[in-house]
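Reader: I am new to this structure and would like a close look at a single part, the open sheet and the helix lying across its strands. Please take me through that part slowly, and tell me how far the model can be trusted.

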Amino acid sequence: MDDKPSPEALSESSERLFSFGVIADVQYADLEDGFNFQGTRRRYYRHSLLHLQGAIEDWNNESSTPCCVLQLGDIIDGYNAQYNASEKSLELVMDTFKRLKVPVHHTWGNHEFYNFSREYLTHSKLNTKFLEDRIVHHPETMPSEDYYAYHFVPFPKFRFVLLDAYDLSVLGMDQSSPKYEQCMKILREHNPNTELNSPQGLSEPQFVQFNGGFSQEQLNWLNEVLTFSDTNQEKVVIVSHLPIYPDASDSVCLAWNYRDALAVIWSHECVVCFFAGHTHDGGYSEDPFGVYHVSLEGVIETAPDSQAFGTVHVYPDKMMLKGRGRVPDRIMNYKKERAVHC
C-alpha cells in the first residue's frame with residue numbers, strides 16, 4: 001500500500017474547490033456541568049454555547065469562508081424539557097447561529113425529539129429543507145413529507161444528502177399513530193428489556209429507544225438520488241445524526257437498520273463520505289467500498305479549554321477534514337474510477 005503523503009503536500013498538490021463546516025452534539029442547556037447516564041463522562045451544558053460561538057467566529061474568519069455548515073443534530077439537551085426551557089434554549093442557540101455568515105443545514109437527533117414533537121420541528125427554524133435543490137426532470141429525487149431529508153448542491157458535481165435517522169423511531173411521534181405502533185413493535189422485538197434505553201444482553205445493541213432508523217420509503221428515495229449522482233458523475237456527502245458503520249462508532253449508537261442504509265450506499269459509486277454525530281467520542285473508518293465514515297466528536301463533552309468542530313476542504317481528488325480541539329485531521333481520497341462503467 002502506498003504511503004500517504006503529508007497533509008501539507010496534499011494541500012499543495014491541487015486547487016481547493018470549496019469548504020464546509022461540521023459540528024455535532026452541542027446539547028446546550030442553562031445548567032451546571034453534569035454527567036452522562038452512566039455517570040462516567042462530564043457534560044459541559046453551559047459551556048457548549050461558548051464552544052459554538054468560538055466555532056462560528058473561526059468559520060467567519062477563515063481565509064476561504066466555508067460555503068455552509070452541517071449541524072449534525074442534538075443542538076439542545078433533553079434536560080431542557082424537564083425545566084420547560086426547550087423553546088428558550090433553542091432560541092438562544094439559533095440566535096448564536098445567526099452570527100454565521102453562511103447557511104447552516106440542521107440534522108435532527110434524539111435530543112431534538114426529547115424537547116419537541118416531529119410536527120413542532122417541521123415548523124421550526126431547525127427545518128432547513130427550504131435550502132434543498134430540486135431535480136425537476138427526475139421527480140423520484142423529491143423527498144416525501146413523511147420524513148425530514150433533502151439534498152443540495154454546494155458546488156458543481158458535488159451533492160450533499162441529509163438523512164432522517166429517526167424516520168423510524170418512538171421519539172417525537174404521535175403515540176396514537178400507526179407508525180408509532182410499528183416502531184414500538186420493531187423496538188420490542190429486538191429489545192426485551194423493561195428499560196428500552198438499555199442495551200443489556202442484546203445481540204444487536206443498537207435497538208435502544210434513543211436510536212432510530214430509516215424507513216424503506218426513505219431508503220428508496222436515497223437510492224434514486226444516488227442513481228442520479230452516479231449517472232451525472234457527482235461526488236456525494238451523506239449526513240445523518242446516527243452513524244451507520246460499526247468501525248466508526250460505538251455499537252450502541254448505530255442506526256437500527258444501518259445494514260440497509262449501507263446496502264444502498266454500497267450499490268453506488270458516487271458516495272465519498274458519511275458524516276454523523278451521536279457517539280460523542282467520535283469515530284473514523286474507511287469501509288470496504290471506499291466510503292469514509294466520520295463520526296464527529298461531541299461539543300457537549302468537550303472541556304472548556306478545548307474545541308470540537310471542523311472544516312472540510314474539498315479538492316478534485318480528495319476531501320480533507322481540518323479538525324479543531326478534539327476533532328482530528330482526516331484525509332479522504334476519492335475512490336479510483338472503475339476502468340469499465342457498466
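Author: Before the helix is placed on the sheet, one term is needed: contact means heavy atoms within 4.5 Å. Two further terms go with it: helices (H or I, at least four residues) and strands (E, at least two) are DSSP runs, numbered from the N terminus, while axes are lines fitted to C-alpha atoms, for helices over the stretch in contact, with angles that run from 0 to 180 degrees between N-to-C directions.

This is a predicted model, in which local features need pLDDT of at least 70 and side-chain atom pairs count only at pLDDT 80 or more, whereas totals for chains, interfaces and linings use all residues. Residues are numbered from 1 along each chain as its sequence is written, and side-chain values use heavy atoms, with hydrogens and water left out.

The sheet is open and has six strands, in the order β6-β7-β8-β9-β11-β10, with mixed pairing; two strands are said to pair if DSSP finds at least two bridges between them. At its edges lie β6 (150-155) and β10 (283-286), each of which pairs on one side only. On average, and with direction ignored, neighbouring strands of this sheet are turned by 20 degrees against each other.

Within the sheet, strand β9 (residues 271-280) and strand β11 (residues 292-297) run parallel and are joined by five bridges. One residue pair can be followed here, since H280 has E297 in β11 as its bridge partner.

Across this sheet lies helix α8 (residues 216-231), which spans β6, β7 (158-162), β8 (235-239) and β9, and which runs at about 175 degrees to β7.

Elsewhere in the chain, I186 has its place in helix α7 (residues 178-190). Not counting residues up to four places away in sequence, I186 touches L168, F207 and W256. The C-alpha atoms of I186 and Q206 are separated by 12 Å, although these residues are 20 residues apart along the chain.

As for trust, pLDDT is the predictor's confidence in each residue, from 0 to 100. The protein has a mean pLDDT of 94, and 94% of its residues reach 70 or more. Over residues 1-5, however, the pLDDT is below 50, and this stretch has four contacts in the model beyond near neighbours in sequence. Residues 338-342 likewise stay under 50 in pLDDT, and for them the model has one contact beyond four places in sequence.
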